[in-house]
Amino acid sequence: MKKEVVAMLLAGGQGSRLYALTSNVAKPAVPFGGKYRIIDFPLSNCVNSGIDTVGVLTQYRPLELNSYLGNGQPWDLDRSDGGVHILPPYQREGEVGTWYKGTANAIYQNIGFVDMYDPEYVVILSGDHIYKMNYDKMLEAHKAAGAACTISVLEVPWDEAPRFGIMAVDGEDNITEFQEKPKEPKSNLASMGIYIFNWDILKKYLEEDEADPESENDFGNNIIPNLLKDERKMYAYRFSGYWKDVGTISSLWEANMEVLDPENSGINLFDEKWKIYSRNSGMTGHKINAGASVENSMITDGCNISGSIKHSILFAGVKVEEGAEVEDAVVMGNSIIKAGAKVKHCIIAENVIIGQNAVVGQMPEGEEAGVATVGPGVYVGDNAVIGADAMVNDNVKDGDKR
C-alpha cells in the first residue's frame, strides 16, 4: 500500500460568488468548457503526473459531486491499490459538529487516510481552478531544493496581489515571508493554492495546529506562518502556464470563452499530450440541421441545432430552435433555446428553457456589459427580457423584464 506521494484535493467549496450556479452544487462540480466540470482539471493533472492515489475532501452540497466522481473510472482512478476516495467530514467520539473547520483541519481529520499509504510526500490541491500542470515536475523541484514545503506561485498584476497569498523570496526562490491577502503586498508572487509537503513534517504541524485553540486551522493563516517561524526551508515553484480562479460569474464566463481561442489564451483542451478527462454524457452525437449556422463554437454530445451559434459553448443535450441566436454565451446541459430567442454574453445553467423571442443578456457596446446569468431549471417566458448583469434564479413570466 505504500505510495511515494498522495494527493489531497480540497473540493468542499461553496463558491458563493457564483450565486445561482452553486445554489445546489459545490463549486468543483460546476460545468465548464462544454463537457467538463471544474474538478476534472486537478484530477486529470494528477493522473497525467503519475499520481494514482487521491483523497477528495467534500463538504458543501456534495451529492452531485460524489455521484459524478463515482469510482473514479473516467480518470483511471478506479484502482484497488490507491485510486480516488471521497472523504467527507465526520464526527469523532466526544466531538460536537462534523464540518471541516478550515483547510488544515480538513487534512488533519484525514491523517488516518494518508497514513494508510505511508507516503513521503503529500500534494495539497484545490478543486476551484482551471489549469494544466505537471505535479511531478513540481515534486522534482521540491526534492532538489531540499524543502519541507513547496508552494506553486505565479506572477499576478500588482493591483490584483491583495486578493492572494503573497510570497517574498530570496535570490534562490526560497520563501522568506508570506502575506495572506495583504493591503500593501511586498511582492506579486501569488500562491496558487498548490502545496507539496514532506508528510512527516506536515503531520507534526497539523497536530500542533489542532491543539491550538486560537488557530483558524488554515494553511495560509496558520500552517505556513508556523513553518516560516520555525525557519523550515520553504521553496517557491514558479508556474508560467494558464491558471484561472473561476470564482466569479465574469471569470467563469471569460475562462469558457478562452477555451475557444487556445492559441492566444493558453488553455488548450484539444491537446492530446495532456488530456483533461471527464465522465461521458452517454448521449448521441450532435446534429446541425439545414439552415443552422455555427461559427467558432464548441458543440457537445446530444446537441440539436437549428438556429445561429457564434463564439459560444454548448454543453451536452442543448437544443437551439430555428431563428434563435446564441452569441458569446455558455449554455449548460439540456437547456432549450426556443425559436426567435436571443441569448448573448451570458451564462445559462442546466435544464433551463428560454421561451420564444425572449432576450437574455446583451453584447457590450462601448463600456463592457456585464454577464447575465440564468440559474438551473429556470423557465424564462416568451418575449421576456433579461438585461446585462441580471442574475435570475426563479421563473420569469411571459413578457416580464429583469
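This report describes one parallel sheet and a set of salt bridges in a predicted model.

Because the model is predicted, local features are reported only at pLDDT of at least 70 and side-chain atom pairs only at pLDDT 80 or more, whereas totals for chains, interfaces and linings use all residues. Residue numbers start from 1 along each chain as its sequence is written, and side-chain values rest on heavy atoms, with hydrogens and water left out.

**The sheet**

An open sheet with parallel pairing is built from 6 strands, arranged in the order β14-β17-β20-β22-β24-β27. Its edges are taken by β14 (287–288) and β27 (379–380), each of which has a single partner strand, so one side of each lacks a neighbour in the sheet. Within this order, β20 (residues 319–320) pairs with β22 (residues 336–337) in the parallel sense over 2 bridges, and V320 has I337 of β22 as its bridge partner. Strands here are DSSP runs of E with at least two residues, helices are runs of H or I with at least four residues, both numbered from the N terminus, and two strands count as paired if DSSP finds at least two bridges between them.

**Salt bridges**

The structure holds 24 salt bridges, a salt bridge being a side-chain nitrogen of Lys or Arg within 4 Å of a carboxyl oxygen of Asp or Glu. Three of them are set out below.

| Pair | N to O distance |
|---|---|
| D81 and K3 | 3.7 Å |
| E350 and R37 | 3.7 Å |
| K244 and E258 | 3.2 Å |

In the pair of D81 and K3, D81 lies in the loop between α2 (63–69) and β5 (83–87) while K3 lies in the segment before β1 (5–10), so the contact ties together parts that are 78 residues apart in sequence. D81 is partly exposed at a relative accessible area of 37%, whereas K3 is buried at 11%; buried means under 20% relative accessible area, exposed over 50%, and partly exposed in between, for a 1.4 Å probe and protein chains only.

The salt bridge between E350 and R37 links the loop between β23 (342–348) and β24 (353–354), where E350 sits, to strand β3 (residues 36–37), which holds R37, across 313 residues. E350 is partly exposed at 21% relative accessibility, and R37 is buried with a relative accessible area of 14%.

K244 and E258 also meet in a salt bridge, with K244 in strand β13 (residues 243–245) and E258 in helix α8 (residues 249–259), 14 residues apart. K244 is buried, its relative accessible area being 13%. Finally, K3, D52, D76, R79 and D81 are joined into one network by salt bridges that share partners.
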